[in-house]
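Here is a friendly set of notes to read beside the model. Take the points in order and keep the 3D view open as you go.

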Amino acid sequence: MIRAALRGVGSALPKRVVTNQDLEKTVDTTDAWIVERTGIKQRHIAGDGETTVSLGSEAARKALVDAGMDASEIDLIIVATATPDATFPASAALIQRELGIRTGTAFDVAAVCSGFLYALTVASSLMETGQQKKALVIGSETFSRIIDWTDRRTCVLFGDGAGAFVLEAEEGDTGILSSTTHCDGSLSHILYVDGGPSGTGTVGHLRMDGPKVFKEAIARISGAVETCAEKVGIAVPDIDWFVPHQANQRILQGVAKRLKLNEDQVVSTVAEHANTSAASIPLAFDKAWKDGRICKGDLCMLEGMGGGLTWGAVLIKV
């Protein structure tokens with residue numbers, strides 16, 4: 001069977017780091033309050049010249065180096081983002097340009113925090129059917145540009161960054177083994193942006209009903225993970241690594257407990273990156289890949305939930 005095999009991983013973060021103590025100076029909050037409720041200690045915030053495209057391009061270049069592959073070999077680029085540089089062209093097209101690629105397919109996926117999972121699923125499908133051979137799947141976000149920095153309920157939660165996977169179609173038993181994606185638009189009102197080109201003609205700001213999102217997260221995410229594992233006859237506790245969307249440390253712990261996973265199986269970077277939406281999974285994966293925790297042959301379960309509501313999971317054997 002042809003699968004989308006992982007060849008390389010890369011990530012990029014803005015230079016500026018904003019700590020909880022920095023936020024104490026501008027909004028009515030405290031470091032203790034943020035850490036207790038979210039586990040977040042700092043986040044990276046994009047500065048002048050740092051955009052979704054620039055961060056995504058940097059992550060892609062690093063992933064290509066990790067894969068030992070030239071950009072000219074790539075025939076598919078999918079970018080998961082809710083914060084594109086422009087309404088159009090797609091950020092994927094602009095990243096393709098930055099990488100010097102002139103052929104192939106490039107488009108964006110908008111599923112917010114689940115976007116990277118959606119993008120992996122689409123890329124895998126295209127590769128399994130023989131339409132594409134080598135792909136860059138990128139999650140890149142500059143959520144700081146849509147945050148209301150006077151809203152202490154949301155401004156402490158998010159950060160900016162990018163992560164990228166290089167995939168190659170290959171016969172064998174490694175690569176993306178299964179995936180599942182879902183959406184329930186009836187819950188779109190609990191996590192959304194109050195602007196857009198057609199609706200308001202403005203960019204808008206992120207709005208979230210935190211308690212309701214938390215209530216929905218654990219059951220929906222756990223269900224997706226279980227479905228993904230069942231498709232290939234694997235018991236969830238038998239995976240090597242759980243690489244979740246980095247939204248909130250309490251959600252990570254709640255999902256892991258429900259799935260009967262040990263704490264040392266969970267890759268968590270929420271303390272240093274905060275919630276980077278579609279970028280959070282590849283950012284966390286890259287950290288564990290680079291520090292040697294994730295190794296060739298490991299089974300890794302990725303999961304996420306975001307605005308829409310969208311949610312899903314992907315099981316990959318490295």
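1. Let us begin with a term. A pocket is an open set of points on a 1 Å grid, with protein on both sides within 12 Å along at least five of seven lines, and its lining residues have an atom within 4 Å of a point. Please keep in mind that this is a predicted model.

2. With that term in hand, look at the second largest pocket. Its lining counts 26 residues, and those nearest its centre are Leu 157, Met 208, Gly 210, Pro 211 and Asn 248. The space in this pocket comes to about 540 Å³. Which helix gives the largest share of the lining? That is H6, with 6 residues. At least two lining residues each also come from helix H2 (31-38), H7 and strand E12 (299-306). Sorted by class, the lining of the second largest pocket holds 15 nonpolar, 7 polar and 4 charged residues.

3. Now turn to the largest pocket, whose volume is about 630 Å³. It is lined by 27 residues, and Ala 82, Thr 83, Pro 84, Ile 146 and Val 203 are the closest to its centre. Strand E9 (residues 191-193) makes the largest contribution to this lining, with 3 residues. In the lining of the largest pocket you will find 16 nonpolar, 9 polar and 2 charged residues.

4. Next, the sheets. One is an open sheet of 5 strands with mixed pairing, in the order E1-E7-E6-E4-E5. At its edges are strand E1 (2-12) and strand E5 (105-109), each of which pairs on one side only. On average, and ignoring direction, neighbouring strands here are turned by 20° against each other. As background, strands of a sheet pair through backbone hydrogen bonds, and they do so either parallel or antiparallel.

5. Inside that sheet, try following one pair of strands. Strand E6 (residues 134-142) and strand E7 (residues 160-171) are joined by 9 bridges in the antiparallel sense. Which residue of E7 is opposite Leu 136? You should find Val 166 there. Helix H3 (residues 52-67) packs on this sheet, where it touches E1, E6 and E7, and its direction makes about 120° with that of E1. Helix H4 (residues 91-98) lies across strand E4 (76-80), E5 and E6, and runs at about 135° to E5.

6. There is also an open sheet of 4 strands, again listed with mixed pairing, in the order E8-E13-E12-E11. Why does one side of strand E8 (175-183) and of strand E11 (241-244) lack a neighbour in the sheet? Both stand at the edges and have a single partner strand each, so one side of each is left without a neighbour. From one strand to the next, the twist averages 15°.

7. Here, too, a pair of strands is worth tracing. E12 and strand E13 (residues 310-317) run antiparallel and are joined by 8 bridges. Met 301 stands opposite Leu 315 in E13. Helix H5 (residues 115-128) packs on this sheet and touches E8, E12 and E13, with its direction at about 130° to that of E8. H6 lies across E8, E11, E12 and E13, and it runs at about 145° to E12.

8. H6 deserves another look, this time with a helix partner. Helix H6 (residues 210-230) packs against helix H7 (residues 249-258) at an angle of about 35°, and their axes are 9 Å apart. Is the crossing of H6 and H7 left-handed or right-handed? It is right-handed. Among the residues that meet are Phe 214, Ala 217 and Ile 218 in H6, and Ile 251, Gly 254 and Val 255 in H7. By class, this contact of H6 with H7 includes 7 nonpolar, 2 polar and 2 charged residues.

9. Finally, some backbone details to check by eye. Most residues other than glycine have a negative phi, and most peptide bonds are trans. The bond from Phe 88 to Pro 89 is cis, with omega near 5°, and Pro 89 is in the loop between E4 and H4. The bond from Gly 308 to Leu 309 is also cis, with omega near -15°, and Leu 309 belongs to the loop between E12 and E13. Lys 260 has a positive phi, near 60°, and is found in the loop between H7 and helix H8 (270-273).

Notes: Residues are numbered from 1 along each chain as its sequence is written. This is a predicted model: local features need pLDDT of at least 70, side-chain atom pairs count only at pLDDT 80 or more; totals for chains, interfaces and linings use all residues. Side-chain values use heavy atoms; hydrogens and water are left out. Axes are lines fitted to C-alpha atoms, for helices over the stretch in contact, and angles run from 0 to 180 degrees between N-to-C directions. A crossing is left-handed if the near helix is turned anticlockwise from the far one by less than a right angle, and right-handed if clockwise. Contact means heavy atoms within 4.5 Å. Ala, Val, Leu, Ile, Met, Phe, Trp, Tyr, Cys and Pro count as nonpolar, Asp, Glu, Lys and Arg as charged, and the others, Gly among them, as polar. On a 1 Å grid over the protein atoms alone, a cavity is a set of points where a 1.4 Å probe fits but cannot get out, and a pocket is an open set with protein on both sides within 12 Å along at least five of seven lines; lining residues have an atom within 4 Å of a point. Grid points are joined across faces, edges and corners, and a volume is the space filled by probe spheres set on the points. Two strands pair if DSSP finds at least two bridges between them.
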